[in-house]
Amino acid sequence: AFARKYQRVIVGVAGMAVELFVAAVAVKIWADGADGVTSRVAYNVAVTASIGALLFNLNPLLRFDGYHILCDLLETPNLQGRSQSLVGWWVNKKIFKINPGPIPTKSRREQIGFTLYFFTSWIYRFLLMIGILIFVSKQFLIVGVILALLFGVVWGILPFAKGLRYVLFSPKLMNRRTR
């Protein structure tokens, strides 16, 4: 709700700072404590809070604090949606050979930035999903299989069905379907 971007950035960074502070306190408790439940809980909190802050919260390729900080710093709201919109525009123009209307960017620099953001965020999310899947599968095979099926639906079947629906039923492609 802040009007100035640096105020919004400070709020985003403060959230991650608190998470890293909790991780630091947990490391101190773990290092000073003897073997026992408290030490194990402190270790798990330290690992979860620090890795969670760095891999997920701080990363601008996922829609958490790092993403919103990047959007505020670049003064580009809805970076992910705008990058998806640009890639959809290019697909319509280059693959389907239709006039998709005006390009959803203001400059060549934005086109390059949005395109890079789209592909790097997609690749990162895919690799992260595979990493989580492998980790869970090694710990709990049944849960890993269920998670693999869920990821297959979300990353394979749903996008394919959505694309097929667009190709078969979109009014934009009325005279282009035979291609």
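## A nonpolar patch on the surface

Val18, Phe21, Val22, Val25, Ile29, Val37, Val41 and Val45 together make a nonpolar surface patch of about 680 Å². The structure here is a predicted model, so read what follows with that in mind.

Where does the patch sit in terms of secondary structure? The elements that give two or more residues to the nonpolar patch are helix H1, residues 5-32, and helix H2, residues 37-57. H1 puts in the largest share, with five residues. Val37 belongs to helix H2, and with a relative accessibility of 60% Val37 counts as exposed.

## Salt bridges that reach helix H1

Side chains of opposite charge can pair when their charged atoms come close. Searching the whole structure turns up four salt bridges. One of them joins glutamate 75 to lysine 5, with 3.4 Å between the closest N and O atoms. Glutamate 75 is in the loop between H3 and helix H4 (79-95), while lysine 5 is in helix H1, so this bridge ties together parts that are 70 residues apart in sequence. As for accessibility, glutamate 75 comes out at 58% and counts as exposed, whereas lysine 5 comes out at 18% and counts as buried.

Another bridge has the side chains of aspartate 72 and arginine 8 meeting at 3.0 Å, N to O. This pair also links distant parts of the chain: aspartate 72 is in helix H3 and arginine 8 in helix H1, 64 residues apart. Arginine 8 is partly exposed, at 27% relative accessibility.

## A closer look at aspartate 72

Is aspartate 72 buried or exposed? Aspartate 72 is buried, because its relative accessible area is 16% and the cut-off for buried is under 20%. Its home is helix H3, which covers residues 65-74.

What does aspartate 72 touch, once you leave aside its neighbours within four places in sequence? The contacts are Lys5, Arg8 and Val9. Two of these names are already familiar: Arg8 is the salt-bridge partner of aspartate 72, and Lys5 is the residue that bridges to glutamate 75.

## The link between H4 and H5

Further along the chain, glutamate 110 and arginine 82 also form a salt bridge through their side chains, at 3.7 Å from N to O. Glutamate 110 lies in helix H5 and arginine 82 in helix H4, so the bridge ties together parts that are 28 residues apart in sequence. Arginine 82 has a relative accessible area of 21%, which makes this residue partly exposed.

## Aromatic pairs

On the ring side of things, the count comes to eight aromatic pairs. Take phenylalanine 126 and tryptophan 155: their ring centres are 5.8 Å apart and their planes are at 55°, so the pair is tilted. The two residues come from distant parts of the chain, with phenylalanine 126 in helix H5 (residues 108-139), tryptophan 155 in helix H6 (residues 141-169), and their positions 29 residues apart in sequence.

How accessible are these two residues? Phenylalanine 126 counts as partly exposed at 31% relative accessibility, and tryptophan 155 is partly exposed with a relative accessible area of 26%. The pair also belongs to a cluster: ring pairs link Trp122, Phe126 and Trp155.

Note on methods: Residues are numbered from 1 along each chain as its sequence is written. This is a predicted model: local features need pLDDT of at least 70, side-chain atom pairs count only at pLDDT 80 or more; totals for chains, interfaces and linings use all residues. Side-chain values use heavy atoms; hydrogens and water are left out. Patches are made of residues with over 30% relative accessible area and no salt bridge: like charges are joined within 9 Å, nonpolar side chains (Val, Leu, Ile, Met, Phe, Trp, Tyr) within 5 Å. Accessible areas come from the Shrake-Rupley method with a 1.4 Å probe; for residues, only the protein chains shown count as cover. Helices (H or I, at least four residues) and strands (E, at least two) are DSSP runs, numbered from the N terminus. Buried means under 20% relative accessible area, exposed over 50%, partly exposed in between (1.4 Å probe, protein chains only). Rings of Phe, Tyr and Trp (its six-membered ring) pair if their centres lie within 6.5 Å; planes under 30 degrees apart count as stacked, over 60 as edge-to-face and the rest as tilted. Contact means heavy atoms within 4.5 Å.
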